[in-house]
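Welcome! Take a moment to turn the model around and look at it from several sides before reading on.

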Amino acid sequence: MKKALIVILAVVLVFSALAASEPSPPASAEPSDMAGVPNPVVPVDGPEAIEEQLGIYMYAPEEATDVQYSIIDDRVAQVDFVMDGRNYTARIEKTPEYEDISGYYTGFKHEKDMDWIGYEYHIAYNVSQEGVATWYDTFTGCSYSVSMDSGATARRLERAAIMFIPAG
């Protein structure tokens, strides 16, 4: 009985040592890197690159800081920025009709249809949490979204949306 117990313990120690010596993925590896799936978000140098690659005119608001432009799936223009200490993401995509391109699939507690000099848009938010403004512009043929990951209010979403409405 003692010999069987010793053999079992020895086998357990050998397997433990083998498991510990097996390489693990680096801590900095992104999940998509580990799965071999390319990241659909590609950083670009600025708004000129977006205009050149997608034919979409997109600029961050003048008062924005920490501005980062990118292109998603070779079709969606995106700019991330900070304004008044809050994080925002704006997206524009050429679409034949309105599409929600915000990437938010949250149940919002507050929703409101808005209008600014003839441009109709929609805001949806959870107070002081996430929120999004979305609309479609028939002149540009684009769907738009401006979102916040926290701190959302109707006024903040309205202000951010107006900055991206083509007539703004």
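## The surface and the interior

Let's start from the outside. The protein chain exposes about 10600 Å², and carbon and sulfur atoms supply 55% of that area. Please keep in mind that this is a predicted model.

Moving inward, buried residues make up 36% of the 168 residues in the protein chain.

## How the chain is laid out

If you follow the ribbon, you will meet four helices and eight strands. Starting at the N terminus, the elements run α-α-β-α-β-β-β-β-β-β-β-α.

How much of the contact network links residues 24 or more positions apart? Among the contacts in the protein chain with a separation of 6 or more, such pairs account for 44%.

## The helix at the end of the list

Helix 4 covers residues 154-164, and its buried residues are Leu 157, Ala 160, Ala 161, Ile 162 and Phe 164. A simple rule helps when reading a list like this one. An α-helix has 3.6 residues a turn, so residues three or four places apart point the same way. You can try the rule on Leu 157, Ala 160 and Ala 161, which are among the buried residues of helix 4.

What do the buried residues of helix 4 pack against? Their partners are strand 3 (76-83), strand 4 (86-94), strand 5 (110-116), strand 6 (119-125), strand 7 (131-137) and strand 8 (142-148).

## Aromatic rings to look for

Now for the rings: a search of the whole structure finds five aromatic pairs. One of them joins Phe 81 and Tyr 88 in a stacked arrangement, with 5.3 Å centre to centre and 5° between the planes. Is Phe 81 buried or exposed? Phe 81 counts as buried because its relative accessibility is 2%, under the 20% cut-off. Tyr 88 is buried too, with a relative accessible area of 3%.

Another pair is formed by Tyr 121 and Trp 135, and this one is edge-to-face: the centres are 6.2 Å apart, with 70° between the planes. Tyr 121 belongs to strand 6 and Trp 135 to strand 7, so the pair ties together parts that are 14 residues apart in sequence. Tyr 121 is buried, at a relative accessible area of 3%, and Trp 135 is buried as well, at 2%.

## Where helix and rings meet

Finally, go back to Phe 164, one of the buried residues of helix 4. Together with Phe 81 and Tyr 88, Phe 164 forms one aromatic cluster. Within that cluster you will find the stacked pair of Phe 81 and Tyr 88 again.

Note on methods: Residues are numbered from 1 along each chain as its sequence is written. This is a predicted model: local features need pLDDT of at least 70, side-chain atom pairs count only at pLDDT 80 or more; totals for chains, interfaces and linings use all residues. Side-chain values use heavy atoms; hydrogens and water are left out. Buried means under 20% relative accessible area, exposed over 50%, partly exposed in between (1.4 Å probe, protein chains only). Helices (H or I, at least four residues) and strands (E, at least two) are DSSP runs, numbered from the N terminus. Contact means heavy atoms within 4.5 Å. Accessible areas come from the Shrake-Rupley method with a 1.4 Å probe; for residues, only the protein chains shown count as cover. Rings of Phe, Tyr and Trp (its six-membered ring) pair if their centres lie within 6.5 Å; planes under 30 degrees apart count as stacked, over 60 as edge-to-face and the rest as tilted.
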